[in-house]
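Please look first at the sequence and the structure, and then read the notes on the bound molecules below.

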Amino acid sequence: MSSAVAAASSTAPALEVRDLEVTYGGIRAVKGLSLEVGRGEIVTLIGANGAGKTTTLKSIVGLVPQRKGTIRIFGKDARADPTHDLVARGVALVPEGRAIFGAMTVRENLELGSFRRRDEGREARFARVIELFPRLGERLAQDGGTLSGGEQQMLAIARALMSGPELLLLDEPSLGLAPKLVRQIFDSIIEIAATGITILLVEQNTRLALETANRAYVLVTGEVVLSGLASELRDDPRIRAAYLGDDVRV
Ligand SMILES: Nc1ncnc2c1ncn2[C@@H]1O[C@H](COP(=O)(O)OP(=O)(O)OP(=O)(O)O)[C@@H](O)[C@H]1O
Ligand SMILES: [Mg+2]
């Protein structure tokens, strides 16, 4: 555990969001959202296009200003920290659309991930991400932009892991990938969680998200309308009808 995180409350959840409101111009994208992610959990935030999933993740890392509410990361108010200090606090975001550096090699992309954590743990983290994604190990000298979509997603996750996070925020890791690669990425997410890293997973692939997560929150136009154990939501007729494509009448 990083010293900064250890210094925060040791019993607080990894993430607590209370009554979050985010407004773009006049549009309320997030309307009083509350959620909690316990240490070591995989929690998924699911919802349709435009529901406010990305906005929620961005406000957790300070990329969009929150209008109201509180966000606590490992017990500490996130607003007290500008975005760049979140690395030291143990949080990393893998953004929607991956945002890797196409003209830099895989190795350089990974090194950038640990730019703010030039500690002795760096080589061990490098070894661990290569073990997790052996395909990246075979392509270290290749430019990021020449990787396949699935490999780019692996690189984006690996780069985030290079900062040594204890809370990993993933925005639509399955987007645009073939089913076989999606499976692989989700297996990696489960492996990452098994190493003790807490995960908040935003997904439109509801079926897979509910198979992977411990708990889930369902977001509709900026509000949580349903939450609970992923295993229970999988069988919920409202979820099955609205998100799993099953013809269930409620
Ligand atoms: N920079 C912005 N300026 C204005 N409105 C925005 C901005 N970013 C997002 N929005 C609006 O906020 C709402 C929530 O968007 P957000 O990107 O959080 O949704 P999402 O759940 O991530 O959707 P998707 O599944 O398509 O990624 C949408 O109505 C969107 O149009
Ligand atoms: Mg989004």
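The report that follows deals with the metal site and then with the surroundings of ligand 1.

## The magnesium site

In this predicted model, the magnesium ion (ligand 2) has two protein donors, T54 through its OG1 atom and E96 through OE, which lie 1.9 to 2.8 Å from the ion. Because T54 belongs to helix α2 (residues 53–60), while E96 sits in the loop between β6 (91–94) and α4 (106–113), the pair ties together parts of the protein that are 42 residues apart in sequence.

As for its exposure, E96 has a relative accessible area of 38%, so it is described as partly exposed.

## The shell around ligand 1

Ligand 1 is surrounded by 13 residues, among which N49, K53, T54, T55 and E96 come nearest. T54 and E96, listed here among the nearest residues, are also the protein donors of the magnesium ion.

Helix α2 contributes three residues to this shell, which is the largest share. By character, the shell divides into six polar residues, four nonpolar ones and three charged ones.

## Polar contacts and burial

Several side chains place polar atoms beside oxygen atoms of ligand 1: an N or O atom in the side chain of N49 is 2.7 Å from one such oxygen, and a polar side-chain atom of K53 likewise lies 2.7 Å from an oxygen of the ligand. For Q204, the distance from a polar side-chain atom to an oxygen atom of ligand 1 is 2.8 Å. Ligand 1 taken alone exposes 640 Å², of which the protein buries 61%.

Key
Residues are numbered from 1 along each chain as its sequence is written. Chains are lettered from A and ligands numbered from 1 in the order in which they are written. This is a predicted model: local features need pLDDT of at least 70, side-chain atom pairs count only at pLDDT 80 or more; totals for chains, interfaces and linings use all residues. Side-chain values use heavy atoms; hydrogens and water are left out. Donors are N, O and S atoms within 2.8 Å of the metal (3.2 Å for Na, K and Ca); water is not among the atoms, so sites may look incomplete. Helices (H or I, at least four residues) and strands (E, at least two) are DSSP runs, numbered from the N terminus. Buried means under 20% relative accessible area, exposed over 50%, partly exposed in between (1.4 Å probe, protein chains only). A residue is near a molecule or strand if one of its heavy atoms lies within 4 Å of it. A polar contact is a pair of N or O atoms within 3.5 Å; within protein, one must be able to donate a hydrogen and the other to accept it, and residues adjacent in sequence count only if both atoms are side-chain atoms. Accessible areas come from the Shrake-Rupley method with a 1.4 Å probe; for residues, only the protein chains shown count as cover. Ala, Val, Leu, Ile, Met, Phe, Trp, Tyr, Cys and Pro count as nonpolar, Asp, Glu, Lys and Arg as charged, and the others, Gly among them, as polar.
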